[in-house]
Amino acid sequence: MKKWMALVLSLVVALGAFSFTACHKKKGDALAKDAGIKLDGVVNEEVYKELPTHYTGIKGRLKADFAADKKGLYVGISVADTDMRYTGSGAEGMLASDYVGIAIDVAATRNEVTGLSEKTTLFRFDAKGRYAYSKGNDYSEWEEKASGEGSATEDNDMPLFVFRADGTALPVGDTSETEGNVGYYAELFFTWEQLGTTASAINKNGTIMYCLEHRDVDWDIVVDTNDLGSVHKYNTLTLLGERKGANMPVNAAEIKVDGVLDDAAWANAEVLSQGVLREKAPGATAGEYVVKGFMGKNGLCIGINVAETQLITEQRSIPLAYKDCGAELRMHIFDNTDTPVITHKWLFDLHGPKWHEQGGGLDGKYAPYAEWQFDLRGTLNDNTDTDEGWSLELYIPYETLLLPYMDLGVASDSCYMMLLPAVASAGQKIAIPDGCDWDDVNTYKKLQMQ
C-alpha cells in the first residue's frame with residue numbers, strides 16, 4: 001500500500017520497558033515425553049501445529065514453527081526464496097549471503113533488561129547449507145562453538161541440524177537462470193541442557209525467549225528486535241497452557257480469534273470502512289468488503305471480511321506485500337489534550353503480518369503481543385478457479401499499544417485512536433474509508449479507548 005510517510009513523534013517508547021509478566025500456564029500442563037518428530041528438513045509433523053506459526057523476516061518470507069518435549073526444543077524454518085544467493089567463505093561469507101539466524105534465551109524476561117549470557121544460544125545457516133553455532137558469554141559477546149556445511153546430526157556438542165533446499169543457491173553475481181527455485185529449509189533440535197535449562201524448569205515457567213533474523217542479498221537484513229544483544233526484547237514463546245504461541249497476549253479478547261466474524265461483539269462494533277472494492281479501485285477482483293473495530297476490555301479488535309474471487313499473495317524474490325490481497329492499519333493514539341502519544345502501523349497479506357512499525361520507525365524492531373487469524377474461502381494463488389473471499393480477526397492488547405502502562409498522567413480511557421484501515425485486492429487495488437486521506441490523520445476514523 002502507499003509508502004508510509006511517518007509522523008515522527010516526540011514521544012517514542014520501547015515496548016520492552018512497559019511489558020508485563022506473562023503467565024499462560026495452568027496447573028497440570030507438562031511437556032510430552034516424545035514429540036514424535038523426524039528430523040528430515042520437512043516441517044510437516046502435526047505436533048508443530050500445536051503452536052501457531054510465526055511469520056517474520058523480509059516481508060514475512062521466513063516461517064518458523066516450534067515444538068517441545070522433555071528432551072528439548074524443535075525448530076522448523078522455512079524460507080521462501082526464488083533467488084537463493086551465497087558468497088565468500090567462513091562466517092563472513094555466510095553473513096553476506098541469504099541466511100537465517102535464531103537466538104534463544106531460556107532465562108530472560110521482558111521485565112528485566114538483559115544482555116547475552118551463557119544461556120543465550122545462536123544458530124545461523126545460509127541458503128547453501130553453511131552453519132555456525134555460538135553461545136553468549138558474560139561479556140555480552142558471541143563465542144563460536146562449531147561451524148560447517150550441510151546437515152549435522154551426530155555431534156552431541158551442538159544442536160542437531162538438518163538442511164534442505166528446493167532449488168540451487170548460486171554465487172552472488174551469477175547470471176544463470178534461477179527459475180524453479182522455491183526456498184530453503186531446516187529443522188533444528190536443541191536439548192534443554194544445550195540451552196542451559198532442564199525440562200523441569202520449562203514445565204514450571206512454560207516460556208522461553210527467541211529472536212529471528214533473515215537476510216536476503218537483494219534486499220537487506222530484518223531482525224525481530226533492535227539487536228541480538230537485547231535479549232529482553234526477544235519474542236516470548238509460550239510452550240504450555242491455553243495461550244500457546246509467540247507473543248500471545250496473556251489476557252484473551254472478547255472474541256474467539258479464529259478469522260470468522262461470528263462473535264456477538266461484532267454486531268455492535270464500529271463500521272470503519274465498507275463498500276465495493278472494485279468500485280473504489282477499478283480493475284480489482286474483490287467485491288463487497290467491511291472493516292469493523294472496537295476497543296474492548298483488554299485491547300483493540302479488528303475484523304475484516306472481503307468477497308474476493310482471486311486469493312492472491314505471491315512470493316517474490318523481493319516481495320511487495322502491498323500489491324497482494326491484504327490489509328493495512330495505521331493507528332495514531334492521542335491523549336485527552338489531543339497530544340500525539342504513539343503511532344503504530346500493521347501490514348498483512350494472506351500469509352500473515354508482513355511488518356509492524358511503532359513510533360514512526362521504518363521497520364518493526366519490537367516483538368508485540370498480538371493474536372490474529374485468517375479464514376480463507378478458496379485456494380491461494382490459483383487463478384484457475386473462482387474463490388469466495390477472506391476474513392481476518394486481529395486482537396492487539398493495550399499493553400502492545402502502550403496503554404495504560406504509559407506514565408502520561410492521564411487515564412487510559414481518556415485517550416483515543418485515529419485509525420485508517422485499508423483493504424487491498426491483488427495488483428495494488430486499494431480501498432480506504434470514504435472521506436479519509438492517507439496523509440491527513442484528522443480524516444481517520446476515531447475509536448475511544450475503554
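Start your tour in the interior: select Phe-123, Phe-125 and Leu-239, the residues with the most contacts inside the largest nonpolar core, which has 42 residues. Keep in mind as you click around that this is a predicted model.

**Stop 1: around Leu-239**

Keep Leu-239 selected and show what surrounds it. Which residues is Leu-239 in contact with, leaving aside its neighbours within four places in sequence? You should find Leu-51, Ala-68, Leu-73 and Trp-192, along with Ile-202, Gly-206, Ile-208 and Lys-244.

Next, look for another core, of 40 residues, that lies apart from the largest one. To find this other core, select Ala-286, Leu-329, Val-341 and Leu-392, which are among its residues.

**Stop 2: the open sheet**

Switch to a cartoon view. Here 5 strands form an open sheet, and you can walk across it in the order β1-β2-β3-β11-β9, with antiparallel pairing. Colour β1 (54–56) and β9 (160–166): these strands stand at the edges, and because each has a single partner strand, one side of each is left without a neighbour in the sheet. Turn the view slowly to follow the twist, which averages 15 degrees from one strand to the next. As a reminder, strands of a sheet pair through backbone hydrogen bonds, either parallel or antiparallel.

**Stop 3: strand β11 and its partners**

Now select residues 183–191, which make up β11, and residues 72–80, which make up β3. How many bridges pair these two strands? There are 9, in the antiparallel sense. To see the pairing residue by residue, pick Gly-72, whose bridge partner in β11 is Thr-191. Then pick Ser-78, which has Tyr-185 as its bridge partner in β11.

β11 also pairs with β9, again in the antiparallel sense, over 7 bridges. Click on Phe-163 and look across to β11, where Ala-186 stands opposite.

Is β11 largely enclosed or not? 8 of its 9 residues are buried, so β11 is largely enclosed by the rest of the structure.

**Stop 4: Tyr-99**

Finish at Tyr-99, which you will find in strand β5 (residues 99–105). Tyr-99 counts as buried because its relative accessibility is 3%, and the cut-off for buried is under 20%.

Show the residues in contact with Tyr-99, leaving aside neighbours within four places in sequence: they include Phe-125, Tyr-184, His-214 and Ile-221. Ile-221 is 122 residues away along the chain, yet the C-alpha atoms of Tyr-99 and Ile-221 are separated by 9.1 Å. Lastly, display the side chains of Tyr-99 and Glu-213, which are joined by a polar contact of 3.2 Å.

Terms used. Residues are numbered from 1 along each chain as its sequence is written. This is a predicted model: local features need pLDDT of at least 70, side-chain atom pairs count only at pLDDT 80 or more; totals for chains, interfaces and linings use all residues. Side-chain values use heavy atoms; hydrogens and water are left out. Two strands pair if DSSP finds at least two bridges between them. Helices (H or I, at least four residues) and strands (E, at least two) are DSSP runs, numbered from the N terminus. Axes are lines fitted to C-alpha atoms, for helices over the stretch in contact, and angles run from 0 to 180 degrees between N-to-C directions. A nonpolar core is a set of buried Ala, Val, Leu, Ile, Met, Phe, Trp, Tyr and Cys residues joined through side-chain atoms within 4.5 Å. Buried means under 20% relative accessible area, exposed over 50%, partly exposed in between (1.4 Å probe, protein chains only). Contact means heavy atoms within 4.5 Å. A polar contact is a pair of N or O atoms within 3.5 Å; within protein, one must be able to donate a hydrogen and the other to accept it, and residues adjacent in sequence count only if both atoms are side-chain atoms.
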